[in-house]
Amino acid sequence: MTTLTDLEAQIPDAVARLQGVAARTPVQLDQRLSEATGSEVWLKREDLQPVRSYKLRGAYNLMAQLTRDERLAGVVCASAGNHGQGVAYSAATLGITATVVVPHTTPRQKRQRILDIGRGRVELVLHGTTYDEASEEASRLATQGKVLVPAFNDARTAAGQATLIVEAFEQLGFAPDVVVLPVGGGGLVSGAAAWLRAHHPDVRIIGVEPEGAPCVAAAISAGRPVTLNEIDTFVDGAAVRRVGDFTFDAIREAGIELIRVPEGQICTEMLDMYQTDGIIAEPAGALAAAALPTGGVGQRAQIPTGSRVLVVVSGGNNDVSRYAEIVERSLIHEGRKRYFLVDFPQQPGALRTFLDNVLGPDDDITYFEYVKRNARETGPALVGVELGNPTDYPFLLQRIEECGMQAHEVAYDSPFFQFLT
């Protein structure tokens with residue numbers, strides 16, 4: 001029996017088990033994305049779950065199947081935040097004690113929510129800086145007698161997460177042409193693929209990974225799960241170094257399409273969701289929608305005009321303090337924000353010359369600081385410029401040169417750049 005067949009057989013029981021526990025979140029036609037893509041785009045709003053993400057489904061489905069002795073022993077899990085909230089909710093509902101291990105990089109909002117949702121049944125442990133480091137600690141604690149509740153690498157977790165797709169198809173009343181899913185460790189996409197391949201094999205499945213943590217793409221390329229040396233943890237809900245062995249087998253068997261999108265592109269989609277749709281999405285929550293062919297800058301999925309598309313908004317646990325970084329990353333991705341080291345004449349009026357002769361009418365200086373002052377005639381200044389139109393960038397460089405100044409752009413991938421964002 002294949003991995004997908006095995007997994008699909010568990011999904012009907014998971015659907016029944018989650019009745020009255022997981023919210024039946026709405027499926028909404030999104031006007032902005034539909035107009036931008038020329039397609040019919042429907043959003044499955046899992047950000048409206050009691051724990052603001054779909055992770056409740058997998059955690060509860062697994063924990064509800066534990067034996068009496070396993071429940072008495074308590075559970076432990078690793079999480080970037082959302083799975084921990086699902087485990088906490090399930091622990092409070094089922095009367096089980098839980099230990100949730102999260103990396104230090106987990107937003108404060110998610111950490112506090114885990115404790116609040118757990119209603120006194122959760123111990124929160126901070127360990128490491130990535131999900132994978134937290135996972136190692138959770139596995140160590142599991143050897144002491146607690147039951148491990150994997151965030152993705154377990155058929156019970158994947159089957160629970162797949163229930164959102166079953167629910168969405170019932171709500172739509174038709175099979176869409178394309179389903180677009182966020183991908184971290186692969187639990188949701190493997191469960192969804194198992195059900196779709198059995199019931200709607202013609203539906204395209206597109207899995208979207210963050211560019212800074214493409215663990216599934218790396219595994220597919222290598223033919224086996226591999227550990228990424230470095231990852232960008234910004235998309236914390238999908239920043240995983242290594243796909244699970246179980247989920248990898250299911251994903252490879254299903255033959256889904258994979259696409260990677262830059263973190264800045266995800267930030268732009270988060271802002272569009274907030275400003276136009278009124279949706280507060282976390283980075284992983286906007287990950288799938290960020291891959292739609294809306295005509296913006298960056299990598300996009302190839303979806304024919306006129307398609308009917310289902311997109312999962314996977315979570316809404318975003319810390320408000322992160323919005324400054326989100327705006328910055330979006331501006332940089334779109335080419336609107338640039339940083340330069342400019343060799344300024346050390347004389348009165350030099351900055352005024354730059355403002356009058358270099359900046360366009362819709363441009364603005366967002367950062368200015370002399371890096372070093374000395375007795376030389378010129379000195380370097382760090383300048384941040386926000387362009388009104390990103391296509392004006394070549395003309396900006398031309399005007400700098402015409403003013404007799406030397407400018408060196410601070411590249412986004414430069415180690416120096418981390419001090420600016």
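What covers the buried residues of helix H14? In this predicted model, the cover includes helix H12 (263-277), strand E11 (337-345) and strand E13 (378-386). Helix H14 itself spans residues 323-333, and 8 of its 11 residues are buried, so the helix is largely enclosed by the rest of the structure. The buried set consists of Tyr 323, Ile 326, Glu 328, Arg 329, Ser 330, Leu 331, Ile 332 and His 333. Just after H14, the chain reaches Gly 335, which takes a positive phi of about 80°.

Aromatic rings offer a second view of how the chain is put together. The count comes to 6 aromatic pairs. One of them joins Trp 42 and Phe 174, whose ring centres are 6.3 Å apart; their planes stand at 70°, and an angle over 60 degrees counts as edge-to-face, so this pair is edge-to-face. Trp 42 belongs to strand E2 (residues 40-45), while Phe 174 sits in the loop between helix H8 (155-172) and strand E7 (178-182), so the pair ties together parts that are 132 residues apart in sequence. With a relative accessibility of 18%, Trp 42 counts as buried because the cut-off is under 20%. Phe 174 has another partner as well: the charged end of Arg 308 sits over its ring, 4.0 Å from the centre. A similar arrangement can be found at Tyr 393, where Arg 338 lies over the face of the ring at 3.7 Å from its centre.

Another aromatic pair, Tyr 131 with Phe 152, is tilted, with 5.7 Å from centre to centre and 45° between the planes. This pair also links distant parts of the chain, as Tyr 131 is in helix H7 (residues 131-142) and Phe 152 is in the loop between strand E6 (147-148) and H8, 21 residues apart. Both partners are buried: Tyr 131 has a relative accessible area of 11%, and Phe 152 has one of 8%.

The tilted pair leads on to the question of empty space. Rolling a probe the size of a water molecule over the atoms shows where such space is left. The second largest pocket holds about 350 Å³. Of the 21 residues that line this pocket, Tyr 131, Asp 132, Ser 135, Phe 152 and Arg 242 lie nearest its centre. Strand E3 (75-78) and H7 are the elements that give two or more residues to the lining, and H7 provides the largest share, with 7 residues. Sorted by class, the lining of the second largest pocket has 10 nonpolar, 5 polar and 6 charged residues.

Definitions and conventions: Residues are numbered from 1 along each chain as its sequence is written. This is a predicted model: local features need pLDDT of at least 70, side-chain atom pairs count only at pLDDT 80 or more; totals for chains, interfaces and linings use all residues. Side-chain values use heavy atoms; hydrogens and water are left out. Rings of Phe, Tyr and Trp (its six-membered ring) pair if their centres lie within 6.5 Å; planes under 30 degrees apart count as stacked, over 60 as edge-to-face and the rest as tilted. Helices (H or I, at least four residues) and strands (E, at least two) are DSSP runs, numbered from the N terminus. Buried means under 20% relative accessible area, exposed over 50%, partly exposed in between (1.4 Å probe, protein chains only). A charge sits over a ring if NZ of Lys or CZ of Arg is within 6 Å of the ring centre and within 35 degrees of the ring normal. Contact means heavy atoms within 4.5 Å. On a 1 Å grid over the protein atoms alone, a cavity is a set of points where a 1.4 Å probe fits but cannot get out, and a pocket is an open set with protein on both sides within 12 Å along at least five of seven lines; lining residues have an atom within 4 Å of a point. Grid points are joined across faces, edges and corners, and a volume is the space filled by probe spheres set on the points. Ala, Val, Leu, Ile, Met, Phe, Trp, Tyr, Cys and Pro count as nonpolar, Asp, Glu, Lys and Arg as charged, and the others, Gly among them, as polar.
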